[in-house]
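Work through the exercises below with the sequence and the 3D structure open. Try each task before reading its solution.

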Amino acid sequence: MKERNIWFLSLVAAMGGFLFGYDTAVINGAEKEIQNVFNLSPALHGLVMSSALWGTVIGALFGGRISDRFGRKPTLICVGALYLLSAVWSGVAASATALFIARFIGGLGVGCSSVVAPVYIAEISPTEKRGMMTAIFQLNVVTGMCASQFINMAIAKSGAGAWRWMLGAESVPAFLFFALCFFLIESPRWLTEKDKLLNQIKKPVAFWTSANRKPIFIAIAVALFNQLSGVNAILYYMPRIYEMAGFAASTSMTLSAMTNVFFTVGTLVGMVLIDKLGRKGLLIVGGSGYVFSLFALALSFHFGQGWAASVCLVLFLLSHAIGQGTVIWVLIAEIFPTAVRGQGQSVGAFTHWTMSAIITLVFPIAVDKTIPEVIFGVFGAFMILHLLWAIFCVPETKGKSLEELSIR
């Protein structure tokens, strides 16, 4: 396959990541107005805010098996349709229940794309560029996040009802992704394994065996630690966190947009380094940044230093982007053999999104019941464990073909 064709196919598949990022971050500019419009308690507010994430749990759980049965291409087409339906319905939702359902549908697309798109890109990429090309998915995630913040900032000026336009604007890139997916070709590795995969679905083989113990452990651990950093809570509630640090609402929206620019820059750095320093190296670098930035953020809140808190948030997102953000989807897509790669990716994505949903649901309640320095201190403590895990438990996968990477 020609390299330019591989790049085109990878970029189209990675557009699912752009919508993943947009859908994840767009809600943070709308969340306060949604709470006021529907008069939601902290608990109900957390439930509505996490609605898409509960959809991602289901999408991640079944996305691998769906793509194994029907192929990567048709699954990505269905993902595009889910994104489009969710965006339109979210923009016109007449009640909190309708918004929950609409966002849940979008979450199904996010969860499924987080399984299928990285696997598709990994399967069509040459070994020496696989890390960077698979990381295009994560680059598109943060680009979508960044774009949503600037769109939110522009739309916020329109006054009451701005949240509808923020959520509904996703329908434009969703339609583009849906249309372009029809130009994808099927993954050659999926076609090679097609009969074996279909036979496994008809007569399932044991996945949870001692033979697969190590890759399963790695997939679950990398996803678990990704969310125990608190990254999705910070991304979903970033304007509110800036307000907690003492900034005005308008300034908080601007700072959120600028912070996401650094997130994008960090991801570009991670993409450049992933095939040089390796997956393990980036996890160690990013993990060290996690520990420093989270404890510094806790101290900033304790001493009431708003600008210090804003710097710490930037450092945190840079650390996440260079480390976990770049590595997670690449590593999970690499460590399982083709015959069970879809299932393996589902296990990692299911863990990731379950933890994300729980943390996003609990965060507003935690903010209501305790002080910010305690919350960020707890995240920092978990990241000490993450750093030790990265140093002592993570294998290096760079420079090996997918066929060589049947980790045992």
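The exercises deal with a predicted model and cover salt bridges, a surface patch, a cavity and a pocket.

**Exercise 1. Which parts of the chain does the salt bridge between Arg-103 and Asp-23 link?**

Solution.
- Step 1. Start with the contact: the side chains of Arg-103 and Asp-23 form a salt bridge, with N and O 3.3 Å apart. A salt bridge requires the nitrogen and the carboxyl oxygen to be within 4 Å, and this pair is one of five salt bridges in the structure.
- Step 2. Place the partners. Arg-103 belongs to helix H5 (residues 96-124) and Asp-23 to helix H1 (residues 3-37). The two are 80 residues apart, and the pair links distant parts of the chain.
- Step 3. Check the surroundings: Arg-103 and Asp-23 are both buried, and buried stands for a relative accessible area under 20%.

**Exercise 2. Explain why the salt bridge between Glu-123 and Arg-72 ties together separate parts of the sequence, and find the network that this pair belongs to.**

Solution.
- Step 1. The closest N and O atoms of Glu-123 and Arg-72 are 2.8 Å apart.
- Step 2. Glu-123 is in helix H5, while Arg-72 is in helix H4 (residues 72-92), so the bridge ties together parts 51 residues apart in sequence.
- Step 3. Glu-123 and Arg-72 are buried.
- Step 4. Now treat Arg-279 and Glu-334 in the same manner. Their closest N and O atoms are 2.4 Å apart. Arg-279 lies in helix H15 (residues 278-302) and Glu-334 in helix H16 (residues 306-334), so this pair ties together parts 55 residues apart in sequence. Both Arg-279 and Glu-334 are buried.
- Step 5. Look for shared partners: salt bridges join Asp-68, Arg-72 and Glu-123 into one network.

**Exercise 3. Which helix gives the largest share of the nonpolar surface patch, and is Val-374 buried or partly exposed?**

Solution.
- Step 1. The patch covers about 860 Å², and its residues include Phe-295, Ile-371, Val-374, Phe-382 and Phe-392.
- Step 2. Helix H18 (residues 372-392) gives the largest share, eight residues.
- Step 3. Val-374 is found in helix H18. Val-374 has a relative accessible area of 42%, so this residue is partly exposed. Patch residues need over 30%.

**Exercise 4. What lines the largest cavity, and how do its lining residues divide by type?**

Solution.
- Step 1. Rolling a probe the size of a water molecule over the atoms shows where empty space is left.
- Step 2. The search finds two cavities of 30 Å³ or more, and the largest holds about 110 Å³ of space.
- Step 3. This cavity is lined by 17 residues, with Phe-20, Gln-138, Asn-232, His-320 and His-352 closest to its centre.
- Step 4. Helix H16 supplies the largest share of the lining, four residues.
- Step 5. By type, the lining has nine nonpolar residues, eight polar and no charged.

**Exercise 5. Describe the lining of the largest pocket.**

Solution.
- Step 1. The largest pocket has a volume of about 360 Å³.
- Step 2. Its lining is made of 17 residues; nearest the centre are Gly-29, Ala-156, Met-166, Ala-249 and Met-253.
- Step 3. Elements giving two or more residues are H1, helix H8 (162-168), helix H13 (238-244) and helix H14 (249-273). H1 gives the largest share, five residues.
- Step 4. By type, the pocket lining has seven nonpolar, four polar and six charged residues.

Terms used
Residues numbered from 1 in each chain as written. Predicted model: local features only at pLDDT ≥ 70, side-chain atom pairs only at ≥ 80, totals over all residues. Heavy atoms only, no water. Patch = residues over 30% accessible without salt bridge, like charges linked within 9 Å, V, L, I, M, F, W, Y side chains within 5 Å. Areas by Shrake-Rupley, 256 points an atom, 1.4 Å probe, with all protein chains shown as cover. Buried < 20%, exposed > 50% of the residue type's maximum accessible area, 1.4 Å probe, protein only. 1 Å grid on protein atoms, 1.4 Å probe; cavity = no way out; pocket = protein on both sides within 12 Å on 5 of 7 lines; lining within 4 Å. Points joined across faces, edges and corners; volume = space filled by probe spheres on them. Nonpolar A, V, L, I, M, F, W, Y, C, P; charged D, E, K, R; others polar.
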